[in-house]
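Here are some friendly notes to read alongside the model. Please keep the structure open as you go through the points.

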Amino acid sequence: MPAPAAPKGMRDIIGDAFYKYQGFFEKAAEIASYYGFTPIETPILERKEIFEKTIGGGTDIVEKEMYTLRTKGGDILALRPEGTAAIMRAYVEHGMNALPQPVMLYYYGPFFRHERPQRGRFREFFQFGIESLGTKQSIADALTIRVSQIILEECGIKNLCVLINSIGEKDSRAGYVKDLTAYYRKRIDDLGPEDRERLKTNPLRILDSKDPKTKEVNKGAPESIQYLNESCKEHFREVLEYLEEMGVPYRIENSLVRGLDYYTRTVFEIISDTPSSPRDASVSPEKKEGDAPDAAPAEQANAQADPGAEPLALAGGGRYDNLAKIIGSRRDIPAVGASLGVDRIVSLPEYSAPPPRMLKSPKVYFIQIGTGAKLKSLNVIETLRKARIPVLQALNKNKLSAQLGIAEKLNIPYVLIFGQKEAIEGTVIVRDMSNHSQDTMPLTKLAEYLKGRK
Ligand code: HAM
């Protein structure tokens, strides 16, 4: 049996790291609520076809990255690689079209993709997402981008830039994909090997290829915005106008098509161009993901980033007006949304969202000495909890002097000393660590006494 280790690309999130995630969630949920979003939680497992049909056959997520399983009843389920398709499934399943539109939802939780782990890229990762369903309006696209940007700003993230593009609708995209395919066919010998394959399955994906040979070819590729019909052009112009009005810095990125097939019109990503931002690791062809065993020890996430590479996106999203029909709705439901990559955000040195609200710094260090005192000590802690006085306690039998030393080191203002004598008398010694003075208090008055002190 090998030494115990979490599966490759997955991690335990412990102590302070956990509080960072929780603090992020509280901040993001608060901002989303002010903008009118309400919470939803969908299952971690969905029927596989929900993702297969919507994300698209030729995409990396569906072809290589989905964790799937067959249940004892014979259903094929997938661990969710993203949230949008499931949110739309929930909207249709619960007839949310009967509610006032748009329905604005936020969600948070773990997602799973069998990717090659590196800094900022995990196989289990956390997203916070916002989705507005049942609206065509360009203001919804702008609101999605603005809320994502505000969340990042309020977490202390600097040098944010929105990369944005419009990939049009089905009809305009067909013409674009045709011309793009023709362009690549003429230059097929200059494409990287993986991209030659993509030409057959999903030519749009060649546009965001990391292969240096393909990148050269991409410089002359046709641009999607040249193919937009009048209404898509108008929509895109309006979105940009909103961004300008709100002072959101953006850059039109013609090669941005995103790794999911369900998008229509607006697509965007948000990056932070600080030097500490995680960047794409150089993928050497002989060291592709999936080669290493999944239960490998914790050597994961150490792949070398290419310092010249574009920073990895902290958030991504776009409009998905046709997704509903793909999953079986009788009519189209226009919608737009975004997800923020929480692991990437909380790992930035400048991340500074406040700690979770439930986290209180302890006011009291509680030392119990002897069995009689231990026996009664949990009742004392419960009395303090009810009075909302946070306690740190020593369950171990360390010496009094050692325990006082710990309280001092942790800067806890009061120490409670509860020995056999106090347990019998129903009292406790309260030591003020600022001046080392001591008072003996009846237990019945303890909470009140502590509350009256700083
Ligand atoms: P996505 O671009 O695939 O979009 O993911 C959104 C964000 O999740 C990324 O920008 C990144 O920060 C984070 N992320 C993705 N994969 C990983 C990974 N392996 N490890 C760590 N972080 C990761 C979506 O998932 C869409 N559902 C977004 C959306 C919402 N579109 C419309 N509504």
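**Notes on the ligand site and its surroundings**

1. A good place to begin is the ligand: one of its oxygen atoms lies 3.4 Å from a backbone N or O atom of Leu314. The protein buries 96% of the 650 Å² that the ligand exposes when taken alone; these accessible areas come from the Shrake-Rupley method with a 1.4 Å probe. Please bear in mind that this is a predicted model, in which local features need pLDDT of at least 70 and side-chain atom pairs count only at pLDDT 80 or more, while totals for chains, interfaces and linings use all residues. Residues are numbered from 1 along each chain as its sequence is written, and side-chain values use heavy atoms, with hydrogens and water left out.

2. Nitrogen atoms of the ligand also have polar partners (a polar contact here is a pair of N or O atoms within 3.5 Å). A side-chain N or O atom of Thr84 is 2.9 Å from a ligand nitrogen, and a polar backbone atom of Gly337 is 3.4 Å from a nitrogen atom of the ligand.

3. Which residues are closest to the ligand? They are Glu82, Glu115, Phe122, Tyr263 and Ala313, out of 26 that surround the ligand; a residue qualifies if one of its heavy atoms lies within 4 Å. The shell divides into 10 nonpolar, nine polar and seven charged residues, with Gly counted as polar and Tyr as nonpolar. At least two shell residues come from each of strands E6 (124-133), E10 (315-319) and E11 (335-341); strands are DSSP runs of at least two residues and helices of at least four, numbered from the N terminus.

4. The whole structure has one cavity of 30 Å³ or more, and the largest cavity has a volume of about 50 Å³. A cavity is a set of points, on a 1 Å grid over the protein atoms alone, where a 1.4 Å probe fits but cannot get out, and lining residues have an atom within 4 Å of a point; the volume is the space filled by probe spheres set on the points. Strand E5 (residues 103-112) gives the largest share of the lining, four residues. Arg80, Gly83 and Tyr107 are among the lining residues, which comprise five nonpolar, three polar and two charged.

5. Two backbone details deserve a look. Gln101 and Pro102 are joined by a cis peptide bond, with omega about -5°, and Pro102 sits in the loop between helix H4 (84-93) and E5. Asn159, although not a glycine, has a positive phi of about 50°; its loop runs between helix H5 (138-154) and strand E7 (160-166).

Technical notes:
Polar contact = N/O pair within 3.5 Å; in protein donor to acceptor, adjacent residues only side chain to side chain. 1 Å grid on protein atoms, 1.4 Å probe; cavity = no way out; pocket = protein on both sides within 12 Å on 5 of 7 lines; lining within 4 Å.
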